[in-house]
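Student: Please take one part of this model and look at it closely. I would like its exposure, its aromatic contacts and its packing against the rest of the chain in one connected account.

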Amino acid sequence: MVDAPIVFEIEGFDILPGSGPFFFLLALLVYMLVLLGNGVVACVIVLDKKLHRPMFVMICHLVVCDLMGATAVLPHLMMDFLMGQKKIVYPAAISQAFCIHFYGVAVQTILGAMAYDR
């Protein structure tokens, strides 16, 4: 006997028919800006030897956390906009929830360490 996979349907996530590609492009633009902005900050910190101090290392860790948070949410959201799907299978939902919660804890920990360092 084979069990059917558990699938969650996202409620309250209504977009007008035909506006999915617009929201996909908007989310893609946001994702590209997140990647570009965080990549520039990380490259500046890595390349400039004067910035190899604890505060800038923590800022670099915030950059990595921001990339993880955006990557946990935006690609699946873009796929939902483009395909018009409102469903997610259980393992994908659990891994996405884990990444988002880990992102939140990591950011709060880094910000706490930065506050204590000041």
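**A close look at helix 3**

Tutor: Alanine 97 has a relative accessible area of 30%, so this residue counts as partly exposed, a class that runs between 20% and 50%. The model is a predicted one. Alanine 97 belongs to helix 3, which spans residues 90–117. From the C-alpha atom of alanine 97 to that of histidine 61, a residue 36 positions away along the chain, the separation is 20 Å.

Next, the aromatic side chains. Two rings are taken as a pair if their centres lie within 6.5 Å, and by this rule the model has 4 aromatic pairs. One of them joins phenylalanine 98 and phenylalanine 102, with 5.9 Å from centre to centre and 20 degrees between the ring planes. Because planes under 30 degrees apart count as stacked, this pair is a stacked one. Both partners sit in helix 3, 4 residues apart, or about one turn of the helix. Their exposure can be stated for each in turn. Phenylalanine 98 has a relative accessibility of 56%, and it is therefore classed as exposed, since the cut-off is 50%. Phenylalanine 102, at 46%, is partly exposed.

Phenylalanine 102 also leads to the packing, as it is among the helix 3 residues that touch helix 2. Helix 2 covers residues 54–83, and its axis lies 9 Å from that of helix 3, at an angle of about 160 degrees. An angle over 145 degrees counts as roughly antiparallel, which is why helix 2 and helix 3 are described that way. The crossing of these two helices is left-handed. On the helix 2 side, the contact includes Met55, Met58, Ile59, His61, Leu62 and Cys65. On the helix 3 side, it includes Gln96, Cys99, Ile100, Tyr103, Ala106 and Val107. By class, the residues in this contact are 18 nonpolar, 4 polar and 2 charged. His61, named above for its C-alpha separation from alanine 97, is thus one of the helix 2 residues in the contact.

Helix 2 has another partner in helix 1, which spans residues 20–47. Here the axes come within 9 Å and cross at roughly 165 degrees; helix 1 and helix 2 are therefore roughly antiparallel to each other. This crossing, too, is left-handed. The contact of helix 1 with helix 2 consists of 23 nonpolar, 3 polar and 1 charged residues.

A few residues of helix 1 and helix 2 complete the picture. Leucine 26, in helix 1, is partly exposed at 40% relative accessibility. Its C-alpha atom is 15 Å from that of methionine 83, which is 57 residues away along the chain. Aspartate 80 is located in helix 2. With a relative accessible area of 3%, aspartate 80 falls under the 20% cut-off and so is buried. The C-alpha atoms of aspartate 80 and phenylalanine 22, 58 residues apart along the chain, are 12 Å from each other. Phenylalanine 22 in turn belongs to an aromatic cluster with Phe23 and Phe81.

Notes. Residues numbered from 1 in each chain as written. Predicted model: local features only at pLDDT ≥ 70, side-chain atom pairs only at ≥ 80, totals over all residues. Heavy atoms only, no water. Phe/Tyr/Trp six-rings, centres within 6.5 Å; stacked < 30°, edge-to-face > 60°. Buried < 20%, exposed > 50% of the residue type's maximum accessible area, 1.4 Å probe, protein only. Axes fitted to C-alpha atoms, helices over the stretch in contact; angles between N-to-C directions. Parallel < 35°, antiparallel > 145°, perpendicular 65-115°, else oblique. Left-handed = near helix turned anticlockwise from the far one by under 90°. Contact = heavy atoms within 4.5 Å. Nonpolar A, V, L, I, M, F, W, Y, C, P; charged D, E, K, R; others polar.
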